[in-house]
Amino acid sequence: MIAIQDDIVLDEGEIEESFIRASGPGGQNVNKVASAVQLRFDLRRSASLPQPVRERLERLGGNRVTQDGVLVITAQRFRSQERNRQDARDRLVALIRRALTPPRPRRPTRPSAAARERRLTDKARRSRVKRERGAIPDA
């Protein structure tokens, strides 16, 4: 069990981890050892998270979420498999914690009268500058 918050706990059975070879520099170690971790978490079938949190998590996941709703996190910062595994889990927990807080609703605002006036005078000034750049008429 992975504690996310006091009232939310993630079941480790919902997380699937596989070990792959890391890319990048590292000499022979990179070619021989599968030290990178690919963590997979099925958002849509998770019983540990409430529905609104799952929807926000799917939006926050971006490119890391597959079409089937599986969040994929790849960790390969460290040389050891265990540290990469912990890094992937920490990143998952951080992402879930971000999804726990609902976004503040946007209050519609309007530009002030002074801001509108500034915009129009700047537009007029720019227009005049461009108009004066025109070709000089033959005299």
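Start with the whole chain: the protein has 4 helices and 5 strands. The model is predicted. Colour by secondary structure and follow the chain from the N terminus; the elements run β-β-β-α-β-α-β-α-α. Then colour by accessibility. Of the 139 residues, 28% count as buried.

**Stop 1: the core**

Select Leu-39, Phe-41, Leu-49, Leu-57, Leu-71 and Leu-92. These residues have the most contacts inside the largest nonpolar core, which has 20 residues. Now show the elements around them. Strand S4 (36–42), helix H2 (51–61), strand S5 (70–75) and helix H3 (81–100) each supply at least two residues of this core. Which element gives the largest share? H3 does, with 6 residues. In soluble globular proteins, nonpolar side chains tend to be buried together.

**Stop 2: the loop after S4**

Move to Arg-44. Its place is in the loop between S4 and H2. Buried or partly exposed: which describes Arg-44? Arg-44 counts as partly exposed, because its relative accessibility is 44%. Add Arg-54 to the selection and draw a distance between the two C-alpha atoms. Arg-44 and Arg-54 are 10 residues apart in sequence, and their C-alpha atoms are 7.0 Å apart in space.

**Stop 3: salt bridges on H3**

How many salt bridges does the structure hold? It holds 3. Begin with Glu-82 and Arg-85. They form a salt bridge, with the closest N and O atoms 3.8 Å apart. Both sit in helix H3, 3 residues apart, so about one helical turn separates them. Check each partner for exposure. Glu-82 is partly exposed at 48% relative accessibility. Arg-85 is also partly exposed, at 26%.

Step along to Asp-87 and Arg-91. Here the closest N and O atoms of the salt bridge are 3.5 Å apart. This pair is 4 residues apart in helix H3, so the separation is again about one helical turn. Which is the state of Asp-87, buried or exposed? Asp-87 is buried, because its relative accessible area is 6% and the cut-off for buried is under 20%. Its partner Arg-91 is partly exposed, with a relative accessible area of 32%.

**Stop 4: a salt bridge on H4**

Go to helix H4, residues 113–132. Select Asp-122 and Arg-125. Their side chains meet in a salt bridge, at 3.0 Å from N to O. Asp-122 and Arg-125 are 3 residues apart in H4, so about one helical turn lies between them. Asp-122 is partly exposed, with a relative accessible area of 44%. Arg-125 is partly exposed too, at 45%.

**Stop 5: a positive patch**

Switch to a surface view and select Arg-110, Arg-116, Arg-119 and Lys-123. What do these four residues form on the surface? They gather in a patch of positive charge. Centre the view on Arg-116, which lies in helix H4. Arg-116 is partly exposed, with a relative accessible area of 41%. That value fits membership of the patch, because patch residues need over 30% relative accessible area.

**Last view**

Show the core and the charged residues together. The core draws on S4, H2, S5 and H3, among its contributors. H3 also carries the salt bridge between Glu-82 and Arg-85, as well as the one between Asp-87 and Arg-91. H4 holds the pair Asp-122 and Arg-125, and Arg-116 of the positive patch lies in H4.

Notes. Residues are numbered from 1 along each chain as its sequence is written. This is a predicted model: local features need pLDDT of at least 70, side-chain atom pairs count only at pLDDT 80 or more; totals for chains, interfaces and linings use all residues. Side-chain values use heavy atoms; hydrogens and water are left out. Patches are made of residues with over 30% relative accessible area and no salt bridge: like charges are joined within 9 Å, nonpolar side chains (Val, Leu, Ile, Met, Phe, Trp, Tyr) within 5 Å. Accessible areas come from the Shrake-Rupley method with a 1.4 Å probe; for residues, only the protein chains shown count as cover. Lys and Arg count as positive and Asp and Glu as negative; His and the chain ends are not counted. The place of a charge is taken as NZ of Lys, CZ of Arg, CG of Asp or CD of Glu. Buried means under 20% relative accessible area, exposed over 50%, partly exposed in between (1.4 Å probe, protein chains only). A nonpolar core is a set of buried Ala, Val, Leu, Ile, Met, Phe, Trp, Tyr and Cys residues joined through side-chain atoms within 4.5 Å.
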